[in-house]
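Me: I am new to reading protein structures. Could you go through this one with me, a question at a time?

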Number of protein chains: 2
Amino acid sequence: MTSTSFGLTAIGNALVDVLAQVDDAFIDREDSEHGMKRGSMNLIGAPRAKQLYGVMPPALEMSGGSAGNTMACYASFGGKGAYIGKVGQDQLGAVFGHDLKTMGVHYNTTPQQTGVPTGHCLILVTPDGQRTMNTFLGAAVELTPDDIDETVIAQSAVTYLEGYLFDPPQAKSAFYKAAEIAHKAGRKVSLTLSDSFCVDRHRKDFIDLVNNHVDILFANESEIMSLYEVFDWNDVPAVIEGKCNIVCLTRSEKGSVVFHDGDIYDIPAEPLTKMVDTTGAGDAYAAGFLYGYTHGHDMMMSGRLGAIAAAEVISHMGPRPQMPLSTLIPRRAA
Amino acid sequence: MTSTSFGLTAIGNALVDVLAQVDDAFIDREDSEHGMKRGSMNLIGAPRAKQLYGVMPPALEMSGGSAGNTMACYASFGGKGAYIGKVGQDQLGAVFGHDLKTMGVHYNTTPQQTGVPTGHCLILVTPDGQRTMNTFLGAAVELTPDDIDETVIAQSAVTYLEGYLFDPPQAKSAFYKAAEIAHKAGRKVSLTLSDSFCVDRHRKDFIDLVNNHVDILFANESEIMSLYEVFDWNDVPAVIEGKCNIVCLTRSEKGSVVFHDGDIYDIPAEPLTKMVDTTGAGDAYAAGFLYGYTHGHDMMMSGRLGAIAAAEVISHMGPRPQMPLSTLIPRRAA
């Protein structure tokens, strides 16, 4: 086992977010006309992306992508990390790279050279703070096993994979390759299920992955229930029993629950002054937990750091922190 | 005189803003190493833009440009307007166009076809909310008199010009052409001085313009004092006497003063809950005043609408309103 250069390496769909506030009628109309699932991530092609953008209100552009957001939060806590994901050779790709690298995140995946644009996610935020995402994968879909940097993965304490990677077929292979490298080097593999519809699209593969290749699993209530097809939250502890070493389940305002070695830790949500936009809440939680985990903290404190990061991110528009998360670490954990 | 299709048409440098929060040490360092003027607009070339972006923290991207911001605010009040300004054929140009058109602003300036990128402004926001701007003009510099849409200008009650247009030489010609068309059609011409260093670069031309071609002038304290080279605020009323029909002078937290037909109107600043980022405050003030002016309101109410718009814009990151300004119009003016 080589020395640990990185606490966390994340692999994900490299996306720039295009965020706009809309009313509920906008979502209802798009749902009835285009089957847009409220509160979920909808995969869209180029024509639909163009059409939807054309009717969206003025927006703000910000680097996003689930695992990219997690790395931004991890670095904001002060953690040393790396990111692997594919952008195009264009302005939004340059923005994505800039925003990771200037946080100190190691990022050198070769941009796609074929003229395919950087992927983007059209995010519609309703007055209740809920976000409905519409992803045009663009260059992100071109991530292949060749993009997996073996040296980086082998030197990373934890490799973190976003479930969304299961949508582009080659990315899925990249995903398995990374998990294998990590385990061979004696490292841990973490996964977030990403979205209940994503779980639904790839349930069989996800179950195999979770049962056999994942050490630390992140999911929210609907994702974990979709994975194991249970319909009552009370049935969840039994179905995850013995599946992977650590399971972190987020429950919005009810906080989170961490399962580890037969023990169950209940972690309250952080008090909120306001909720503006839930985009990136789960990504931030994973970052906080993994920052704690890779810095010697126990389950309770790691979960609390997750809750702290999520609370910061949902207090404003956009999925990445606006203040250094390192300043929010409770004194006894610093 | 043809019928009025637009209340306001603005001509400006079409820019996308790249906004990041930095500490005071960052500004001091850039000032000492690159002569970056704190609180002002610094014109930069492509190499400096690349270098500065490389050291800037993660940013958010949003449509900007002084006159573009004014049109966004004018439309947000419910006003009907048009915009003329040049972007490149790229992703940021598409963002700029989208953000105006989806607010209902008429915008059909042909993008530059030569591969020159859309101009952008690297904006550094310090903890006091002050912004220091660094503009790479890009395609905006290519605005020519041919881009001036005669029909639009002739049908617009007011044509509004940003002083920054005096930096690109051809844009200055476009500027004079637009003013001539407007006056021939019996319309009003408005100008904002934009920046005290911009005034310094073009003082002689600005004085000629203000004295002979402008009906409604906007400036802040340092800009008007730079224009007439006076060093005491108390000397300002005498030097602007008889220069143009309406002069609106903004004074930050001290509010604004409107001079019209020998009368002086003192308008207080709106109470603020917080000041996050002053980017676009002057642009928003001009929009509010001109919305009032083009909708039959008196000087006091027009000035107050300016103050209301400015207060909204400085309460968050970015130069454009996050809530419909129409909802903030005092009931007696609605």
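Reply: Gladly; the questions below go from a whole chain to its sheet, then to some loops, and last to the meeting of two chains. This is a predicted model, in which local features need pLDDT of at least 70 and side-chain atom pairs count only at pLDDT 80 or more, while totals for chains, interfaces and linings use all residues. Residues are numbered from 1 along each chain as its sequence is written, and chains are lettered from A and ligands numbered from 1 in the order in which they are written.

Me: What radius of gyration does chain A have?

Reply: The C-alpha trace of chain A spans about 50 × 40 × 40 Å along its principal axes. The radius of gyration is taken over C-alpha atoms, and the globule rule is 2.2 Å times the number of residues to the power 0.38. For 334 residues that rule puts a compact globule near 20 Å, and chain A agrees with its value of 18 Å.

Me: How much of chain A do buried residues make up?

Reply: A residue is buried if 20 or more other C-beta atoms lie within 10 Å of its own, exposed if 12 or fewer, and partly exposed in between, with C-beta atoms placed from the backbone. Of the 334 residues in chain A, the buried share is 56%.

Me: How many helices and strands are there in chain A?

Reply: Both are DSSP runs numbered from the N terminus: helices are H or I with at least four residues, and strands are E with at least two. Counted like that, chain A has 12 helices and 13 strands.

Me: Which are the edge strands of the open sheet in chain A?

Reply: Two strands pair if DSSP finds at least two bridges between them. Eight strands of chain A make an open sheet with mixed pairing, in the order β5-β1-β8-β9-β10-β11-β12-β13. The strands that pair on one side only are β5 (81-84) and β13 of chain A.

Me: At about what angle to β13(A) does helix α12 of chain A run?

Reply: Axes are lines fitted to C-alpha atoms, for helices over the stretch in contact, and angles run from 0 to 180 degrees between N-to-C directions. Two residues are in contact if their C-beta atoms, placed from the backbone, lie within 7 Å. Helix α3 (residues 66-77) of chain A lies across β1, β5, β8 and β9, at about 165° to β5(A). Helix α12 (residues 299-313) lies across β11, β12 and β13 of chain A, and its angle to β13(A) is about 35°.

Me: Which residue takes a positive phi in the hairpin of β12(A) and β13(A)?

Reply: The two strands pair in the antiparallel sense over five bridges, with A:Phe259 opposite A:Ile264. Two residues lie between the strands of this hairpin. The one with a positive phi near 50° is A:Asp261.

Me: Is A:Asp261 buried or exposed?

Reply: A:Asp261 belongs to the loop between β12 (256-260) and β13 (263-267) of chain A. It has 7 C-beta neighbours inside 10 Å, so A:Asp261 counts as exposed.

Me: In which loop of chain B is B:Glu229 found?

Reply: B:Glu229 is not a glycine, yet it has a positive phi of about 50°. With 11 C-beta neighbours inside 10 Å, B:Glu229 is exposed. Its place is the loop between α9 (221-228) and α10 (236-240) of chain B.

Me: How far are the C-alpha atoms of B:Pro268 and B:Gln130 separated?

Reply: B:Pro268 sits in the loop between β13 and α11 (281-293) of chain B. Along the chain, B:Pro268 and B:Gln130 are 138 residues apart, and the separation of their C-alpha atoms is 20 Å.

Me: Which element gives the largest share of the side of chain A that touches chain B?

Reply: In this meeting, 20 residues of chain A contact 20 residues of chain B. At least two residues come from each of β4 (60-63) and α4 (91-101) of chain A. The largest share, five residues, is supplied by α4(A).

Me: What kind of axis relates chain A and chain B?

Reply: Copies are superposed by least squares on the C-alpha atoms of residues with pLDDT of at least 70 in both. Chain A falls on chain B after a rotation of 180° with 0.0 Å of shift along the axis (RMSD 0.0 Å). That relation is the one of a two-fold axis.

Me: Which residue of chain A comes closest to the rotation axis?

Reply: The copies meet through the same surface, because 100% of the interface residues of chain A are also interface residues in chain B. At 2.4 Å, taken at the C-alpha, the residue of chain A closest to the rotation axis is A:Glu61.
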